[in-house]
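Hi everyone, thanks for making time. I'd like to walk you through one structure, so please have the viewer open and follow along.

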Amino acid sequence: MFEFLQHLDSLHQGFWYIALVTSLVFLVQTVLTFIGGHHSGDLNTDFSGDVHHDTPFQLFSLRNLINFLLGFGWGGVAFYDAVESKMLLIFLAVLIGIGFVVLFFFLILQIVKLTEDNTFKMDDLIGKVGEVYLTIPANMSGKGKILISVKGANHELQAMTEAEENIPSSHSVRVIYIYDKTIVVAKI
């Protein structure tokens, strides 16, 4: 299967072996990452440990080693015939390997940016507009209910008002502040 490697010199063979082996490991890591496979041993996908908001990138990990060797091996194979100096070729392969690690870091940062926090927080309601569902008694004398949409989800919440008059149902209101886990609204 790899008979074409027998006629190459040792450096060229080395680049090919590194490229082929790391490509296989990279493929397995990628498949395990997407199917969520858990396994023991040294074949850790590193995604769970590397992707945090505080430290989005761990420099020394198996994932980065594979990314580096992938760029190093394929860079050496690609430029073997084009670069005559073996030292320059190795230096170029190292730069390509580092480039693969930087590219992986950039991609992980972009993926982390795609995450969205859809946690419902009462403080996010201030300034939002809702519709009165049950009449809200005047002068903070009782509680009514409003329907309000936050981050694409509708919520039915208890509400009070400082207004001198009751706010009947179907009227629009704006959330002014939160008082003891109850929304205080004003008529619009």
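Let me start with the words I'll lean on: buried means under 20% relative accessible area, exposed means over 50%, and partly exposed is what falls in between. By that scale K151, at 44% relative accessibility, counts as partly exposed. I'll come back to K151 in a moment. Please also keep in mind that this is a predicted model.

First, the overall layout. The protein chain has 4 helices and 5 strands. How are they ordered along the sequence? The pattern reads α-α-α-α-β-β-β-β-β. Of the 188 residues in the protein chain, 30% are buried. The chain exposes about 12,100 Å², and carbon and sulfur atoms supply 62% of that area. If you take contacts between residues at least 6 apart in sequence, 53% of them join residues at least 24 apart.

Now the interior. The largest nonpolar core has 13 residues, and those with the most contacts inside it are L125, I136, I146, I148, I183 and V185. Where do its residues come from? Strands β2 (144-150), β3 (153-161), β4 (172-179) and β5 (182-187) each supply at least two of them. The largest share, 3 residues, comes from β2. Another core, of 10 residues, lies apart from this one, and it includes L5, F15, V83 and A93.

Let's zoom in on I136 from the larger core. Leaving aside neighbours within four places in sequence, I136 is in contact with G144, K145, I146, A159, M160, T161, N166, I167 and V185.

A138 is worth a click too. You'll find A138 in the loop between β1 (129-134) and β2. Is A138 buried or exposed? With a relative accessible area of 9%, A138 is buried, because the cut-off for buried is under 20%. Not counting residues up to four places away in sequence, A138 touches T161, A163, E164, E165 and N166. With N166 the C-alpha to C-alpha distance is 4.4 Å, while the two residues are 28 apart in sequence.

On to the strand pairing. β2 and β3 run antiparallel and are joined by 7 bridges. Within that pairing, L147 stands opposite E156 in β3. β3 and β5, on the other hand, run parallel, with 3 bridges joining them. There, T161 stands opposite V185 in β5.

Back to K151, as promised. K151 sits in the loop between β2 and β3. The hairpin of these strands has 2 residues between them, and K151 takes a positive phi near 50 degrees there. If you like checking backbone torsions, note that K151 has this positive phi although it is not a glycine. Which other residue should you look at for this? K181, also not a glycine, has a positive phi near 65 degrees. K181 is in the loop between β4 and β5. K181 is exposed, with a relative accessible area of 76%.

Next, charges. Side chains of opposite charge can pair when their charged atoms come close. How many salt bridges does a search of the whole structure find? The count is 2. One of them joins K151 to D124, with the closest N and O atoms 3.5 Å apart. This pair links distant parts of the chain: K151 in the loop between β2 and β3, and D124 in the loop between α4 and β1, 27 residues apart. D124 is partly exposed, at a relative accessible area of 30%.

K145 and E156 also meet through their side chains in a salt bridge, at 3.1 Å from N to O. Here K145 is in strand β2 and E156 in strand β3, 11 residues apart. K145 is partly exposed, with a relative accessible area of 26%, and E156 is partly exposed as well, at 43%.

Finally, turn to the surface of helix α4 (residues 86-113), where L95 lies. L95 is partly exposed, with a relative accessible area of 44%. Together with L88, F91, I98 and V102, L95 forms a nonpolar patch on the surface, with about 470 Å² of accessible area in total.

That's my tour, thanks for listening!

Terms used. Residues are numbered from 1 along each chain as its sequence is written. This is a predicted model: local features need pLDDT of at least 70, side-chain atom pairs count only at pLDDT 80 or more; totals for chains, interfaces and linings use all residues. Side-chain values use heavy atoms; hydrogens and water are left out. Patches are made of residues with over 30% relative accessible area and no salt bridge: like charges are joined within 9 Å, nonpolar side chains (Val, Leu, Ile, Met, Phe, Trp, Tyr) within 5 Å. Accessible areas come from the Shrake-Rupley method with a 1.4 Å probe; for residues, only the protein chains shown count as cover. A salt bridge is a side-chain nitrogen of Lys or Arg within 4 Å of a carboxyl oxygen of Asp or Glu. Buried means under 20% relative accessible area, exposed over 50%, partly exposed in between (1.4 Å probe, protein chains only). A nonpolar core is a set of buried Ala, Val, Leu, Ile, Met, Phe, Trp, Tyr and Cys residues joined through side-chain atoms within 4.5 Å. Contact means heavy atoms within 4.5 Å. Two strands pair if DSSP finds at least two bridges between them.
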